[in-house]
Amino acid sequence: MPLRLYNTLTRQLEDFKPLEGNTVRMYGCGPTVYDYAHIGNYRTFLFQDVLRRYLKYAGYELRHVTNLTDVDDNTIRNSQAAGMPLRAYTDKYIEAFLIDRQLLNMEEPEFLVRATDCIPDMVKLIQALVDKGFAYSSEGSVYFKVAAFPPYGQLTHVDFSGVRAGARVDTDKYDKENARDFVLWKAAKEGEPFWETPFGPGRPGWHIECSAMSMKYLGETFDIHSGGSDLIFPHHENEIAQSEAATGKPFVKVWMHAEHLIVNGEKMSKSLGNFYTLRDLLKQGYRPSAVRYLLTSVPHRKPLNFTFEGLHQAQQSIDRLRNFRFRLTKENFPAGANLTLQNRAHEARQKFEAALDDNLNTAEALGAIFDMVRDGNTAMDRGELCDGDREAFLDTLQRWDRIFAVLEDDDHAKLVKLGFVKPSEPSEPGKDGGPSASGLMETLSDEEIGALIAERAAARRGGDYARSDEIRANLLKAGVILEDTKAGARWKRK
Ligand SMILES: [Zn+2]
């Protein structure tokens with residue numbers, strides 16, 4: 001089955017094929033670096049990561065650009081409040097973004113570009129729009145003339161032909177009801193950073209940044225542009241207008257959008273106290289791999305309801321996968337091969353690939369792999385899995401992990417490497433201030449394991465899933481594998 005992607009522009013599932021050769025040129029709207037990105041942002045960035053990984057898996061070369069919006073209303077406001085120059089202020093959040101990406105196992109795009117490094121490209125594009133009659137100056141700012149571009153509204157699927165000519169908006173974010181001529185270049189304000197240009201000193205509007213940066217690296221027409229669904233209007237609609245008016249060519253073939261993340265059924269907001277950055281979750285003891293798993297587990301066109309119970313289940317699911325791989329590589333099996341079982345592994349591979357071909361249906365891809373894990377575990381328990389069958393299962397598991405990237409048991413090592421946990425300290429202090437389980441690799445007695453499992457059960461009954469997961473993780477580090485069953489937790493040594 002060919003890869004099919006849902007295109008917001010045509011509102012259809014379309015067979016995907018790059019415009020030129022075997023290389024996919026794609027652009028993903030990146031973060032505005034005025035604060036730490038929150039888990040809703042990471043839902044979108046992880047969708048882009050799954051997309052990029054699966055395109056590579058499908059055999060394509062990639063030319064992928066992600067922008068860093070380091071000049072806009074928000075970055076200027078916050079840097080001024082902090083009394084810092086814009087560049088130094090945004091450096092801090094770019095660094096944090098890069099660290100978060102490593103924690104979440106996100107691949108680096110081929111180009112990660114700061115907006116302020118592309119100002120001359122933006123100025124050139126605005127000049128072209130002025131020259132062609134699509135833009136005009138007023139009081140030192142330059143605006144895009146929506147009435148001069150009749151296709152405006154093609155992505156939003158709204159008829160904007162009634163937009164009043166000459167009515168302008170200076171803010172970068174506005175709703176469909178307030179559609180009007182939007183700002184390309186903002187006249188310099190007292191105390192704000194500015195660049196000298198033929199149309200006067202000032203700074204770019206947010207929308208022109210992405211048009212200029214994408215076309216600079218990908219050409220005037222490219223394959224895929226993606227972002228959160230809240231960017232469809234006005235940001236992406238404006239990008240299309242600016243780019244197509246300037247070049248006279250189609251801007252992007254496939255537009256892809258990730259739906260919102262909600263928290264316990266409510267919109268995430270600081271005022272509701274349900275606002276989380278990745279770092280907030282790490283501080284509570286959750287593993288970055290579990291955050292990655294949870295945020296990619298729901299297909300991108302469906303809203304994702306984030307709950308701590310869901311995060312807890314994600315950790316359990318990852319442990320199940322890691323335990324399965326551990327058994328496959330370490331346990332002794334009878335000699336020979338069981339072709340029926342090997343076919344089961346091949347079938348799981350076909351199923352997860354078919355699911356991802358279907359507009360990246362990650363939920364079904366997960367389902368396919370867990371069906372295989374269940375059958376594989378059962379076969380091992382019954383002594384039916386043979387030595388010659390290991391490879392078929394490992395192959396499917398590893399192929400699947402090229403997209404999902406959670407099998408490697410490296411959460412703790414990454415947290416140490418990136419400075420979240422000190423190397424000299426155990427990740428988790430033991431009971432009564434004693435040594436942590438991770439320091440007791442050879443010395444945990446059966447009684448001590450039993451005590452930790454009892455403590456974990458009590459934590460779970462009390463709803464303290466973070467503590468429960470820490471105990472499980474520490475036992476795993478101490479070489480003890482836990483499996484939750486209906487009859488309670490089972491354990492064995494590695
Ligand atoms: Zn953008």
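L360 is buried in this predicted model, with a relative accessible area of just 2%. The residue sits in the loop between α10 and α11, and its phi comes out near 60°, a positive value in a residue other than glycine. N359 is placed in that loop as well, between α10 (339-357) and α11 (362-381). Here too the backbone has a positive phi, about 55°, although N359 is not a glycine. With a relative accessible area of 10%, N359 is buried, since the cut-off is under 20%.

Another loop residue worth a look is T116, found between β5 (111-114) and α4 (119-131). T116 counts as buried because its relative accessibility is 16%, under the 20% limit. Its side chain makes a polar contact of 2.6 Å with the side chain of D70. Setting aside neighbours within four places in sequence, T116 touches D70, V71, R87 and W195.

On the backbone side, there is also a cis peptide bond: the one from F233 to P234, with omega near -5°. P234 belongs to helix α6 (residues 232-247).

As for helix packing, α14 (residues 446-461) and α15 (residues 465-477) pack with their axes 7 Å apart, at an angle of about 160°. That angle is over 145°, so α14 runs roughly antiparallel to α15. The crossing of the two is left-handed. On the α14 side, the contact is made by I449, L452, I453, E455, R456, A459 and R460, while α15 brings in Y465, R467, S468, I471, R472 and L475. By character, the residues of this contact split into seven nonpolar, five charged and one polar.

Methods. Residues are numbered from 1 along each chain as its sequence is written. This is a predicted model: local features need pLDDT of at least 70, side-chain atom pairs count only at pLDDT 80 or more; totals for chains, interfaces and linings use all residues. Side-chain values use heavy atoms; hydrogens and water are left out. Axes are lines fitted to C-alpha atoms, for helices over the stretch in contact, and angles run from 0 to 180 degrees between N-to-C directions. Helices (H or I, at least four residues) and strands (E, at least two) are DSSP runs, numbered from the N terminus. Angles under 35 degrees count as roughly parallel, over 145 as roughly antiparallel, 65 to 115 as roughly perpendicular and the rest as oblique. A crossing is left-handed if the near helix is turned anticlockwise from the far one by less than a right angle, and right-handed if clockwise. Contact means heavy atoms within 4.5 Å. Ala, Val, Leu, Ile, Met, Phe, Trp, Tyr, Cys and Pro count as nonpolar, Asp, Glu, Lys and Arg as charged, and the others, Gly among them, as polar. Buried means under 20% relative accessible area, exposed over 50%, partly exposed in between (1.4 Å probe, protein chains only). A polar contact is a pair of N or O atoms within 3.5 Å; within protein, one must be able to donate a hydrogen and the other to accept it, and residues adjacent in sequence count only if both atoms are side-chain atoms.
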